[in-house]
Amino acid sequence: MYTPHVASFSELDGDTLYRLLQLRSDVFVVEQECAYPDLDGLDLDETTWHLWLSDDLPLAYLRITREPDHARIGRVCTRNSHRGQGLASVLIAQALTIVPGETVILHAQTHVTDLYRGHGFEICGPQFLEDGIPHVPMRRFATDADAKPSVDRHTR
C-alpha cells in the first residue's frame, strides 16, 4: 500500500530530503507549536538511518541515530491525514530490524507510550517536559529473538 524507504543522508536526493524535513516541520514546529532546532546535525551523520513510508509524499518518518552504547529512535512523526493507520508502528518494527542485538532508547510523548510498549519498550525514568510536551524516556533491551539486520549498517 505505502512504499517503505531506508536511506543514509548521502543517499537522499534533494527533493526527498526537502519533503522529509517539511513533514517533520509540519508536525513538530507548526502543529505542535515547538520552536526547536530540528536541524541538529545528526541527520548528516554517516551512522544515521532515515526511514519513511510514502505514496507520492512522505506519510510517516523516523530516524535512527547512534550513541556509544545504544541506538536512538527519534523524530517519529506521521502526517496528520494518515494518523491512526499504524504507519508509525510499521516504521518502528522496521527500525528494530536495523539495530538487532542492540539496546534502543527514545523519548516518547507521554500520550503515545502504548505504541512503543507494543514493540517491547519500557519506561525507564521520570516524565519530563520537552518543548512544553510531556515525555518519558523509554528503553528496549535487545533480545535473542531480534531479527538479523535488514540493512547492512556498516556498508554505505
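## Salt bridges and helix α1

Arg83 and Glu31 form a salt bridge in which the closest N and O atoms are 2.6 Å apart. Because Arg83 lies in the loop between β4 (70-78) and α2 (87-98) while Glu31 belongs to helix α1 (residues 14-31), the pair ties together parts that are 52 residues apart in sequence. The structure described here is a predicted model. Both partners count as partly exposed, Arg83 at 35% relative accessibility and Glu31 at 37%. In general terms, side chains of opposite charge can pair when their charged atoms come close.

A search of the whole structure finds nine salt bridges, and the table lists three of them with their N to O distances.

| Pair | Closest N to O distance |
|---|---|
| Arg83 and Glu31 | 2.6 Å |
| Arg72 and Glu67 | 2.6 Å |
| Asp114 and Arg117 | 3.2 Å |

In the pair formed by Arg72 and Glu67, Glu67 is partly exposed, with a relative accessible area of 27%. The pair of Asp114 and Arg117 sits within one element, since both residues lie in helix α3 (residues 113-117), three residues apart, which is about one turn of the helix. An α-helix has 3.6 residues a turn, so residues three or four places apart point the same way. Asp114 is exposed, with a relative accessible area of 57%, whereas Arg117, at 42% relative accessibility, counts as partly exposed. Elsewhere, a network of salt bridges links Arg24, Asp40, Asp43, Arg63 and Arg75.

Arg24, a member of that network, also appears among the buried residues of α1, which are Thr16, Leu20, Leu23, Arg24, Val27 and Phe28. Here, buried means under 20% relative accessible area. What covers these buried residues includes the strands β2 (49-54), β3 (58-67), β4 and β5 (104-109).

What span should the 18 residues of α1 have, at 1.5 Å a residue? The expected value is 26 Å, and the end C-alpha atoms of α1 are 24 Å apart, which agrees. Along its course, α1 bends by about 35° at Ser25.

The two ends of this helix can be described as well. At the start of α1, a side-chain oxygen of Asp13 reaches to within 3.0 Å of the backbone nitrogen of Asp15. At the other end, Glu31 of α1 takes part in the salt bridge with Arg83, and just after the helix Glu33 takes a positive phi of about 55°.

How values were computed:
Residues numbered from 1 in each chain as written. Predicted model: local features only at pLDDT ≥ 70, side-chain atom pairs only at ≥ 80, totals over all residues. Heavy atoms only, no water. Salt bridge = Lys/Arg side-chain N within 4 Å of Asp/Glu carboxyl O. Helix = DSSP H or I, 4+ residues; strand = E, 2+ residues; numbered from the N terminus. Buried < 20%, exposed > 50% of the residue type's maximum accessible area, 1.4 Å probe, protein only. Expected span 1.5 Å × (residues − 1). Bend = angle between axes of the 7 residues up to and from the residue. Contact = heavy atoms within 4.5 Å. Polar contact = N/O pair within 3.5 Å; in protein donor to acceptor, adjacent residues only side chain to side chain.
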